[in-house]
Amino acid sequence: MRIIPIYASAGITGFESPATEYSQLGLSLDELLVVHPSATFIGVAKGDSMQGVGIFYGDILIVDRQETARHGDVIVANFNGEFVCKILDKANRMLLSSNEQHQPQPIHDYDSFTIEGVVIRSVRCHRQSPLLADI
C-alpha cells in the first residue's frame, strides 16, 4: 500500500502535490485495522448516541471479540435482544451514550446482557460503499 502524506490545516489555500514523494508501507488495511482476524466482525453505526466519541451514523465499526471489555471502552452489546454500541461503565453497571440527549442505561440483573466485542476502530466513509448500501 502506498501512503501519500497530506498535511493540511484550517484556512489553507493550497498545498503541494503530495504524490511527488510517497512512502511505501508494507501493510494491508486489514493488517492496519484488525488485530485478531478470526475474532473480528464489522458493524455499521446507526443513530446519534455516540457522536461525542466520533462515531456517526453510517460509520464502520471494527469490533474485536477477543479483547476483554474494560471500564470506559466503547463496546457492542446485545442488550435485551437489541444490538447497541455504548460506553461501558463497569463500576456502575451502566451503558453510556456520548450524546447528552441520551440517558445512561442501567444494566439490571433481570436484563439480558452480553458483550459482543470491543470497538477497536471506527471508519468514516465520505461516500457510501456499494458493499454497505443495503445494510
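**Exercise 1. Salt bridges**

The structure, a predicted model, holds 3 salt bridges. Determine which residues Arg 124, Arg 65 and Arg 93 pair with, and where the partners lie in the chain.

*Solution.*

Step 1. General principle: side chains of opposite charge can pair when their charged atoms come close.

Step 2. Arg 124 is joined to Asp 59 by a salt bridge, with 3.1 Å between the closest N and O atoms. Because Arg 124 belongs to the segment after β9 (113–123) and Asp 59 to the loop between β3 and β4, this pair ties together parts that are 65 residues apart in sequence. Asp 59 is buried, at a relative accessible area of 3%, while Arg 124 is partly exposed, at 39%.

Step 3. Arg 65 forms a salt bridge with Glu 116, and here the closest N and O atoms are 2.3 Å apart. The pair links distant parts of the chain: Arg 65 is in the loop between β4 and β5, and Glu 116 is in strand β9, 51 residues apart. Glu 116 counts as buried, at 13% relative accessibility.

Step 4. Arg 93 pairs with Asp 109, the closest N and O atoms being 3.7 Å apart. Arg 93 is in the loop between β6 and β7 and Asp 109 in the loop between β8 and β9, so the salt bridge ties together parts that are 16 residues apart in sequence. Arg 93 is partly exposed, with 41% relative accessibility, whereas Asp 109 is exposed, with 76%.

**Exercise 2. The sheet and its edges**

State the order of the strands in the open sheet, and explain why one side of β3 and of β8 is left without a neighbour in the sheet.

*Solution.*

Step 1. The open sheet has 7 strands in the order β3-β4-β9-β5-β6-β7-β8, and the pairing is antiparallel.

Step 2. β3 and β8 (105–106) stand at the edges and have a single partner strand each, so one side of each lacks a neighbour in the sheet.

**Exercise 3. Strand β6 and its two hairpins**

Describe how β6 pairs with β5 and with β7, and decide whether β6 is mostly covered or mostly uncovered.

*Solution.*

Step 1. Strand β5 (residues 74–79) pairs with strand β6 (residues 82–89) in the antiparallel sense, over 6 bridges. Among the bridge partners, Val 76 is matched with Cys 85 and Asn 78 with Phe 83.

Step 2. The hairpin of β5 and β6 has 2 residues between the strands, and in this hairpin Asn 80 takes a positive phi near 55°.

Step 3. β6 also pairs with strand β7 (residues 94–96), again in the antiparallel sense, over 3 bridges. Ile 87 stands opposite Leu 96 in β7.

Step 4. The hairpin of β6 and β7 has 4 residues between the strands, and Arg 93 takes a positive phi near 50° there.

Step 5. Of the 8 residues of β6, 6 are buried; the strand is therefore mostly covered.

**Exercise 4. Two loop residues**

Classify Ser 49 and Leu 27 as buried, partly exposed or exposed, and describe the surroundings of Ser 49.

*Solution.*

Step 1. Ser 49 is located in the loop between β3 (40–44) and β4 (60–64). Ser 49 counts as buried because its relative accessibility is 11%, and buried means under 20%.

Step 2. Leaving aside residues up to four places away in sequence, Ser 49 touches Cys 85, Lys 86, Ser 97, Ser 98, Asn 99 and His 102.

Step 3. Leu 27 is in the loop between β2 (23–24) and α1 (29–33). Leu 27 is partly exposed, with a relative accessible area of 33%.

Step 4. Together with Leu 29 and Leu 32, Leu 27 forms a nonpolar patch on the surface, with about 250 Å² of accessible area in total.

Methods
Residues are numbered from 1 along each chain as its sequence is written. This is a predicted model: local features need pLDDT of at least 70, side-chain atom pairs count only at pLDDT 80 or more; totals for chains, interfaces and linings use all residues. Side-chain values use heavy atoms; hydrogens and water are left out. Patches are made of residues with over 30% relative accessible area and no salt bridge: like charges are joined within 9 Å, nonpolar side chains (Val, Leu, Ile, Met, Phe, Trp, Tyr) within 5 Å. Accessible areas come from the Shrake-Rupley method with a 1.4 Å probe; for residues, only the protein chains shown count as cover. A salt bridge is a side-chain nitrogen of Lys or Arg within 4 Å of a carboxyl oxygen of Asp or Glu. Buried means under 20% relative accessible area, exposed over 50%, partly exposed in between (1.4 Å probe, protein chains only). Contact means heavy atoms within 4.5 Å. Two strands pair if DSSP finds at least two bridges between them.
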